Amino acid sequence: MKLVVIGSGQCGSRIADEFARLNRRARAHRHIEIITGVFAVNTDAADLSGLATINSDYQHRILIGGRKTSGHGVGKINELGAEVAREDGDKVIDAIRTARHFFETDAFLIVASAAGGTGSGSIPVITNMIKDRYMDKPVYALVVLPFEHEEQTEERTVYNSAICLKSVSTVADAVFLVDNQRYVRKDFSLKNNLAKINALIAEPFYNLLCAGEEKKAKHIGAKMLDAGDIIQTLVGWSALGYGKTPLPLFRFSFGRSDFRKKSTETHKGIMAMDAAVSELSIRCKPVEAGRALYLISAPSKEMNMDLTKELGDYLKDIAPEAIIRNGDYPRGGGSLDVTVILSELSDVEKIKTYYNKAAEFIHDRKSRQVEIDSKQREFEEASKNIPSLL
Ligand SMILES: Nc1nc2c(ncn2[C@@H]2O[C@H](COP(=O)(O)OP(=O)(O)OP(=O)(O)O)[C@@H](O)[C@H]2O)c(=O)[nH]1
Ligand SMILES: [Mg+2]
């Protein structure tokens with residue numbers, strides 16, 4: 001599957017940069033292309049300069065809102081982010097057309113954080129513009145949710161997230177939810193290491209996108225997972241998971257394929273699937289998923305029909321309502337990898353909490369404003385009979 005990836009705001013641009021690296025890796029190691037164009041959009045010129053891999057010309061690193069923000073960002077006001085995107089969104093549409101193999105694109109992926117200003121405000125607007133312009137291609141959003149400490153210390157964080165999520169979900173074909181906090185729990189040393197988190201966010205896409213682009217027979221599995229399977233799976237709120245089980249470098253099999261070998265293979269597969277499901281990009285209940293997908297990637301000698309079936313049964317057990325699609329991808333060496341997507345989630349607790357808290361915030365802000373207005377009127381009243389020097 002080939003994507004056009006557009007990152008907006010600081011977080012979105014950095015993750016888009018990660019996708020540009022992913023494509024370089026696919027090209028260098030697998031001689032295939034998985035991305036037809038990567039673009040970064042921001043109101044902050046310095047952030048755009050800080051990217052490493054995305055082409056550095058103005059049509060790939062796109063500065064928007066120059067007049068309104070003087071290149072310094074929108075300071076977490078996502079309404080301003082949206083406004084600027086409405087005014088300058090054409091720059092993005094024009095740039096997409098310059099992608100060299102644009103006609104091969106299967107779908108768009110637009111990436112941003114929910115809590116900031118530029119990315120949060122512009123992602124629904126850019127998604128909408130692309131949907132209007134390219135009606136036949138699906139447009140997916142990947143939205144990064146804030147760390148818990150940000151939610152606790154800054155009310156605007158939750159408010160921005162709620163507005164962004166509601167708006168983008170009405171226009172995107174599917175929304176990948178990626179909770180920053182989930183990546184901190186996995187390994188505390190990552191706490192301040194956003195670059196590492198970004199790499200973890202992009203990693204599950206590597207095999208997922210490569211699998212359908214392979215041309216050599218030896219890398220095409222019994223059931224190839226292609227763009228069609230992914231497009232059919234992705235609807236509405238979605239979560240991503242990725243798990244790995246290391247494989248021994250050397251194995252002396254003497255050509256035997258007895259039941260012990262088979263059961264070890266299945267066990268390794270279940271371990272990787274288990275890791276993928278327990279480390280989903282957002283906390284959610286698999287029973288709420290209407291669609292799901294899993295991809296097993298490993299050297300072909302590590303995979304067999306039983307493994308695919310066992311993993312299918314495992315997923316069916318935890319997501320009984322879901323239509324499940326799957327694929328096997330004979331690639332890689334040192335590990336057996338499982339990628340999981342849960343989609344069409346009918347409920348996500350965290351989003352409901354954002355909506356409820358944001359509604360409270362809006363209510364409190366209105367009452368506070370009434371109070372401020374009345375105090376100001378009192379103040380003016382008190383100064384009414386005082387002469388002025390001006
Ligand atoms: N995973 C990840 N999260 C990030 C990164 N940079 C910022 N964030 C998160 O994104 C949110 C802040 O949004 P930014 O993307 O910095 O904001 P912006 O879109 O540039 O908007 P303004 O700076 O307000 O104009 C916070 O929740 C951060 O924790 C990053 O590189 N990776
Ligand atoms: Mg910024």
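How many cavities of 30 Å³ or more does a search of the whole structure find? The search finds one. The model shown in these views is predicted.

**View 1. The largest cavity has a lining of nonpolar residues.** About 80 Å³ of space lies inside the largest cavity. Its lining residues are M1, L3, F108, L109, Y140, F176, F205, L208, L209, I230, L234 and I341. By class, that makes 12 nonpolar, no polar and no charged residues. At least two lining residues come from each of β4 (107–113) and α10 (204–211). The biggest contribution is that of α10, with three residues. Rolling a probe the size of a water molecule over the atoms shows where empty space is left.

**View 2. The largest pocket holds about 640 Å³ of space.** Its lining numbers 36 residues. Nearest the centre lie Q10, C11, K76, S113 and G116. Two or more lining residues come from each of α1, α5 (118–133), β5 (139–145), α6 (148–153) and α9 (194–202). Helix α1 gives the most, with five residues. The lining of the largest pocket divides into 11 nonpolar, 18 polar and seven charged residues.

**View 3. The second largest pocket has a volume of about 490 Å³.** Here 19 residues form the lining. Those closest to the centre are N23, R27, T36, G37 and V38. Two elements, α1 and β2 (35–42), give two or more residues to this lining. The class count for the second largest pocket is five nonpolar, eight polar and six charged residues.

**View 4. Strand β8 (residues 291–298) is largely enclosed by the rest of the structure.** Why is β8 described as largely enclosed? Eight of its eight residues are buried, so the rest of the structure largely encloses the strand. R291, L293, L295 and S297 point one way from β8. A292, Y294, I296 and A298 point the other way. Both sets are buried. In a regular strand the side chains alternate between the two faces of the sheet.

**View 5. Strand β8 pairs with β9 (residues 323–330) and with β10 (residues 335–343).** The pairing of β8 with β9 is parallel, over eight bridges. A298 has P330 as its bridge partner in β9. From β8 the chain crosses through helix α13 (residues 305–318) to β9, and this β-α-β crossover is right-handed. The pairing of β8 with β10 is antiparallel, over seven bridges. L295 has T339 as its bridge partner in β10.

**View 6. D17 and R21 form a salt bridge in helix α1 (residues 9–30).** The closest N and O atoms of the pair are 3.7 Å apart. Where do D17 and R21 sit relative to each other in helix α1? They are four residues apart, so about one helical turn separates them. D17 is buried, at 4% relative accessible area. R21 is partly exposed, with 33% relative accessibility. The count for the whole model comes to 22 salt bridges.

**View 7. E83 and K68 form a salt bridge between their side chains.** The N to O distance is 2.9 Å. The pair links distant parts of the chain, with E83 in helix α4 (residues 78–96) and K68 in helix α3 (residues 66–69). The two residues are 15 apart. Relative accessibility is 31% for E83, which counts as partly exposed. K68 is also partly exposed, at a relative accessible area of 39%.

**View 8. D88 and K91 form a salt bridge within helix α4.** The closest N and O atoms are 3.9 Å apart. Three residues, about one turn of the helix, separate D88 from K91. Is D88 buried or exposed? D88 counts as buried, because buried means under 20% relative accessible area and D88 has 16% relative accessibility. K91 is partly exposed, with a relative accessible area of 40%. Elsewhere, salt bridges that share partners join K2, E104, E213 and K215 into one network.

Key. Residues numbered from 1 in each chain as written. Chains lettered and ligands numbered in written order. Predicted model: local features only at pLDDT ≥ 70, side-chain atom pairs only at ≥ 80, totals over all residues. Heavy atoms only, no water. Salt bridge = Lys/Arg side-chain N within 4 Å of Asp/Glu carboxyl O. Buried < 20%, exposed > 50% of the residue type's maximum accessible area, 1.4 Å probe, protein only. 1 Å grid on protein atoms, 1.4 Å probe; cavity = no way out; pocket = protein on both sides within 12 Å on 5 of 7 lines; lining within 4 Å. Points joined across faces, edges and corners; volume = space filled by probe spheres on them. Nonpolar A, V, L, I, M, F, W, Y, C, P; charged D, E, K, R; others polar. Pairing = 2+ DSSP bridges. Right-handed = clockwise from strand over helix to strand, strands pointing away.
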